[in-house]
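Good morning, and thank you for coming. Today I should like to discuss one structure with you, beginning with a pocket and then turning to salt bridges.

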Amino acid sequence: MNGVVVPGRHRIGKTFRFEAAHSLPDLPEGHQCARMHGHSYAVEFVLTADRLVPPGFVTDFGELAPVKKLIDSTLDHRVLNDVLSVAPTSENLAAWLAGWFVEHVEPSLPGRLVSVRVSETASSWAEFVLEER
């Protein structure tokens with residue numbers, strides 16, 4: 001099979017889910033998000049690589065197991081206000097997860113993190129995109 005080689009880059013994504021509560025007390029009085037409430041979160045990690053490793057992976061999805069371990073032990077069924085040192089918005093959570101990933105997981109992977117997307121609901125998300133590295 002002969003195909004045309006086109007310029008581009010491979011990307012992969014892996015989504016993890018967890019349940020957690022938070023409140024955003026700095027919002028105006030009466031704002032619904034100022035009260036304690038919960039979400040069914042979905043967090044997607046997107047990775048890329050300059051070249052694929054055998055058998056043709058950016059990164060083996062199995063190598064992302066430390067992310068699930070972190071989510072299960074630190075975020076799932078927790079109050080995010082107690083976990084993060086900043087307001088537990090989706091934006092801040094995405095940045096926090098990206099920083100943790102780059103420090104703890106990425107050094108052992110052939111791929112590198114491109115972005116982390118956090119969804120609190122099926123129709124809304126926030127994304128932290130890392131600078132080109």
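Before we look at the pocket, we need one term: a strand here is a DSSP run of E with at least two residues, and strands are numbered from the N terminus. Please also keep in mind that what you see is a predicted model.

Let us begin with the largest pocket. Its volume is about 160 Å³. Which strand gives the largest share of the lining? That is strand β4, residues 112-121, which contributes 3 residues. The lining includes R112, L113 and V114. Also among the lining residues are R9, R11 and T48, together with V129, L130, E131, E132 and R133. In character, the lining divides into 6 charged residues, 4 nonpolar ones and 1 polar one.

I now turn to the salt bridges. How many are found in a search of the whole structure? The search finds 5 of them, and I shall present three.

In one of them, the side chain of R9 meets that of D50, with an N to O distance of 3.3 Å. This pair links distant parts of the chain: R9 belongs to the segment before β1 (10-22), whereas D50 is in the loop between β2 (37-49) and α1 (65-75), and 41 residues separate them. The two partners are not equally accessible. D50 has a relative accessible area of 62% and is therefore exposed, as the cut-off for that class is over 50%. R9, with 45%, is partly exposed.

D50 also takes part in a salt bridge with R112, at 3.1 Å from N to O. Because R112 lies in strand β4 and D50 in the loop between β2 and α1, this pair ties together parts that are 62 residues apart in sequence. Is R112 buried or exposed? R112 has a relative accessible area of 16%, so this residue is buried, the limit being under 20%.

The next salt bridge joins the side chains of K68 and D72, at 2.8 Å from N to O. Here both partners lie in helix α1; they are 4 residues apart, which means a separation of about one helical turn. Both are partly exposed: K68 has a relative accessibility of 44%, and D72 a relative accessible area of 36%.

Let me close with the network. Through salt bridges that share partners, R9, D50, R112 and E132 are joined into one network. Of these residues, R9, R112 and E132 also appear in the lining of the largest pocket. Thank you for your attention.

Key. Residues numbered from 1 in each chain as written. Predicted model: local features only at pLDDT ≥ 70, side-chain atom pairs only at ≥ 80, totals over all residues. Heavy atoms only, no water. 1 Å grid on protein atoms, 1.4 Å probe; cavity = no way out; pocket = protein on both sides within 12 Å on 5 of 7 lines; lining within 4 Å. Points joined across faces, edges and corners; volume = space filled by probe spheres on them. Nonpolar A, V, L, I, M, F, W, Y, C, P; charged D, E, K, R; others polar. Salt bridge = Lys/Arg side-chain N within 4 Å of Asp/Glu carboxyl O. Buried < 20%, exposed > 50% of the residue type's maximum accessible area, 1.4 Å probe, protein only.
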